[in-house]
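Please open the model in your viewer and keep the sequence panel beside it. This tour says what to select at each stop and what you will find there.

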Amino acid sequence: MTHDALIPVIRRLALEAGDKIMEFYEADDFDVKVKSDASPVTEADEAADALISAGLREAFPDILLVTEEQAASHTKKGETFLIVDPLDGTKEFINRRGDFTVNIALVEHGVPTRGVVYAPARGRMFYTLPDGQSVEETGALDKAKAGDIRPISVSNPDNSALMIVASKSHRDQATEDYINKYQVQDSKSAGSSLKFCLVATGEADLYPRVGRTMEWDTAAGHAVLSGAGGKVVRFDDHTPLTYGKDGYANPFFIAYAPGVDLKEA
């Protein structure tokens, strides 16, 4: 599999999954179940997962696929793997707040190198080109061919007036305490992996996550942010956040534009 072959496939699958999700989102009602870890899952999660998984397995049958909605994949390991969260921000979806995303990423040797993040209710799509540069597609989002794109890059932050983005559903006192270590001009909340994309476009400088996440929650956003010049590090020691960990669970982390003067945990 080449990056040239990968990008058109994951872009198209993200758009198709987004259409499927929006069918449920715009319906009068949809079923919500509770998984073993007490997190919610909807019919939209499962339908999007089935669509993306089938498409990836058809296109790239020899590459390990790890996806949130298939527990059997969580025990498998590989140097190179595709990782999927078909609907990140399920709580945002259930509450019809719009900040949910489709996430597909490629991890190579512990690093998310390519990915796509699509927010269907917001009409925003971010992805890495085959060469690794991140873009936002601004055209009609035609599944058959990419439209107009604009390269994105992180801000040149002013450490005396930082723009911070934090989780909408998981913003707690520990997060506030960490944010208060910085000189903040503005702080906004956003759901799902959109927070990575807001840092990638320069709409925010810093995204601290003091809470539980899994690798499928972060890999695509991490890839987009990296392709825009940003970084993602562990919260505790500021070493790079790596992938392929046991159980695919993440430690706390910080996503940021490199000009930010990071504070200790």
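The stops below go from a sheet to its strands, then to helices and to single residues.

**Before you start**

This is a predicted model, in which local features need pLDDT of at least 70 and side-chain atom pairs count only at pLDDT 80 or more, while totals for chains, interfaces and linings use all residues. Residues are numbered from 1 along each chain as its sequence is written, and side-chain values use heavy atoms, with hydrogens and water left out. The labels H and E stand for DSSP runs numbered from the N terminus, helices (H or I) having at least four residues and strands (E) at least two.

**Stop 1: the sheet**

Select strands E3 to E9, which form an open sheet of seven strands in the order E3-E4-E5-E6-E7-E8-E9, with mixed pairing; two strands pair if DSSP finds at least two bridges between them. Look next at the edges, where E3 (64-67) and E9 (149-151) each have a single partner strand, so one side of each is left without a neighbour in the sheet. Neighbouring strands of this sheet are turned by 20° against each other on average, with direction ignored; such angles are taken between axes, which are lines fitted to C-alpha atoms (for helices over the stretch in contact), and they run from 0 to 180 degrees between N-to-C directions.

**Stop 2: strand E7 and its partners**

Now select residues 124-128, which make up strand E7. Is this strand mostly enclosed or left open? Four of its five residues are buried, so E7 is largely enclosed by the rest of the structure; here buried means under 20% relative accessible area, exposed means over 50%, and partly exposed lies in between (1.4 Å probe, protein chains only).

On one side, E6 and E7 pair in the antiparallel sense over four bridges, and Tyr118 has Met125 in E7 as its bridge partner. The hairpin of these two strands has four residues between them, and in it Gly123 takes a positive phi near 65°.

E7 is also joined to E8 (residues 134-137) by four bridges, again in an antiparallel arrangement. To see this pairing, display Phe126 with its bridge partner Glu136, and then Thr128 with its bridge partner Ser134. In the hairpin of E7 and E8, which has five residues between the strands, Gly132 takes a positive phi near 100°.

**Stop 3: helices across the sheet**

Add helix H2 (residues 43-59), which lies across E3, E4 (80-88) and E5 (101-108) and runs at about 155° to E4. Then add helix H6 (residues 215-227), which lies across E3, E4, E5, E6 (111-119), E7 and E8 and runs at about 100° to E6.

**Stop 4: two packed helices**

Keep H2 on screen and add H1 (residues 3-25): the two helices pack at an angle of about 160°, with their axes 9 Å apart. H1 and H2 are therefore roughly antiparallel to each other, a term used for angles over 145 degrees, whereas those under 35 count as roughly parallel, 65 to 115 as roughly perpendicular and the rest as oblique. Residues making this contact include Val9, Leu13 and Phe24 of H1, and Ala44, Leu51 and Ile52 of H2, where contact means heavy atoms within 4.5 Å.

**Stop 5: Asp85**

Return to strand E4 and select Asp85. Asp85 counts as buried, because its relative accessibility is 0%. Apart from its neighbours within four places in sequence, Asp85 is in contact with Glu68, Thr101, Val102, Asn103, Trp216 and Asp217.

**Stop 6: loop residues**

Select Leu141 in the loop between E8 and E9; this residue has a positive phi of about 55° although it is not a glycine, and at 14% relative accessibility it counts as buried. Ser153 is found in the loop between E9 and E10 (162-167) and is partly exposed, with a relative accessible area of 46%. Leaving aside neighbours within four places in sequence, Ser153 is in contact with Ala200, Thr201, Gly202 and Ala228.

**Stop 7: E10 and E11**

Finally, select E10, a mostly covered strand in which five of the six residues are buried. Six bridges join E10 to E11 (residues 184-190), and these two strands run parallel; display Val165 to find it standing opposite Lys188 in E11.
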